Amino acid sequence: MNQGSEAESIEIHLVLEAIHRRYGYDLREYVPDTIERRLRSALARSGLRHFGEVTHRLLHDPAWFANLLDQLTVQVSDMFRDPPFYRVFRERVVPLLRTYPELKLWHAGCATGEEVYATAILLSEEELYERSQIYATDVSAKAIESARDGVYTQEQATAFAANYALAGGKRCFEDYVVSGYGRIAMREPLKKNLVFFQHNLATDYAIGQMNVIFCRNVLFYFERGLRERVLGMLGAGLGRSGFLCLGATEGLPEDSGATFGSFAPRERIFRKSGQA
Ligand SMILES: C[S@@+](CC[C@H](N)C(=O)[O-])C[C@H]1O[C@@H](n2cnc3c(N)ncnc32)[C@H](O)[C@@H]1O
């Protein structure tokens, strides 16, 4: 924490403590500067005068807290985010996934679902979607609700279509959506094998025996201890030789070699080691 008085930094600590004790969400191990910045902007928007009032309000008003949580865990995503990642996933991971009769994939921290639909599109183009189950989770209930709806703005759709082409898409992005009133909705067949639910990476157990876990652009919000615990949990959730996909600026700690081997380092794709 680098701003404000000592008293205020105690108040911020108390906000995080109150969130943890009242609702079980542990934000105490998120990167302090990021969480403080978000708390300050939530305070500015709230009409409350200081963090003491934030603590009181969140303790007594669960609906208000749900809204605050969404502001503290920003849900920014994109479809085919980092196109080279999806290109390499298609070229190198998909051929190995073909050897399995059934596939289980997990998007952990899926925000509003863009990546989940990208994976569904990619797997259907590779004729693997019918044998796939994709679990999509996030700590934010509101994000999960909008991920399930799969509705985005026309402006987003333009960016999605550009990424889709760069990522090696085989058809036309418009084939996968219904457009109208300045919005797009993902077509229903793409939703068939998707399961959305709320899940907290900091406190909940892994969903097991996954062939692929995507946890992209989530871990960088966490302090080292939490990041390593979450990575351990994700490692436990992967089946033998399963793939772990991280965000472009994320990596594994140096001593994780017993659990994960490198597969496509530039694209941050790792593979669970044989014995792990
Ligand atoms: C920047 S978004 C990344 C979305 C997507 N994976 C991507 O790369 O485009 C980070 C997401 O992580 C979620 N998140 C933060 N803390 C979490 C936690 N403890 N458990 C599960 N999800 C969490 C946020 O709600 C947010 O939706």
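This is a dialogue about reading a predicted model, from its domains to its helices, strands and ligand shell.

Biologist: Where do the domains of this predicted model begin and end, and how many residues of domain 1 are in contact with domain 2?

Modeller: The domain assignment of the protein gives domain 1 as residues 6-72 and domain 2 as residues 83-272, and the centres of the two, taken over C-alpha atoms, are separated by 29 Å. Across the boundary, 10 residues of domain 1 are in contact with 12 residues of domain 2. On the domain 1 side, the largest share, three residues, is supplied by helix H4, which spans residues 62-72, and by class that side has five nonpolar, two polar and three charged residues.

Biologist: Staying in domain 1, which residues of helix H3 are buried?

Modeller: One reads burial by counting neighbours, and then asks how the buried positions are arranged around the helix axis. In H3, which runs over residues 51-60, the buried residues are Phe51, Val54, Thr55 and Leu58. They lie on the same side of H3 because the arc they cover around the axis is only 100°. These buried residues pack against helix H1 (6-23), helix H2 (32-46) and H4, whereas His56 and His60 are exposed on the other side of H3.

Biologist: Why does His60 count as exposed?

Modeller: The cut-off for an exposed residue is 12 or fewer other C-beta atoms within 10 Å of its own. His60 has 10 C-beta neighbours inside 10 Å, and therefore counts as exposed. As for its place in the wider model, His60 is 172 residues from Gly232 in sequence and 35 Å from it in space, C-alpha to C-alpha.

Biologist: How should I read the strands, and in which sense does E10 pair with E8 and with E9?

Modeller: As a general idea, the side chains of a regular strand alternate between the two faces of the sheet. Here, strand E10 (residues 269-272) pairs with strand E8 (residues 238-246) in the antiparallel sense over three bridges, and in that pairing Phe270 of E10 is the bridge partner of Leu244. E10 also pairs with strand E9 (residues 260-264), again in the antiparallel sense, over four bridges, with Ile269 of E10 as the bridge partner of Ala264. E9 and E10 form a hairpin with four residues between them, and Arg268 in the turn has a positive phi of about 60°.

Biologist: Finally, how many residues surround the ligand, and which are the closest?

Modeller: The ligand is surrounded by 22 residues, of which Ser77, Gly109, Ala111, Leu201 and Asn217 are the closest. By class, this shell divides into nine nonpolar, eight polar and five charged residues.

Conventions:
Residues are numbered from 1 along each chain as its sequence is written. This is a predicted model: local features need pLDDT of at least 70, side-chain atom pairs count only at pLDDT 80 or more; totals for chains, interfaces and linings use all residues. Domain bounds come from an automatic or database domain assignment. Two residues are in contact if their C-beta atoms, placed from the backbone, lie within 7 Å. Helices (H or I, at least four residues) and strands (E, at least two) are DSSP runs, numbered from the N terminus. Ala, Val, Leu, Ile, Met, Phe, Trp, Tyr, Cys and Pro count as nonpolar, Asp, Glu, Lys and Arg as charged, and the others, Gly among them, as polar. A residue is near a molecule or strand if its C-beta atom, placed from the backbone, lies within 6 Å of it. A residue is buried if 20 or more other C-beta atoms lie within 10 Å of its own, exposed if 12 or fewer, and partly exposed in between; C-beta atoms are placed from the backbone. The arc is that of the directions from the helix axis to the C-beta atoms. Two strands pair if DSSP finds at least two bridges between them.
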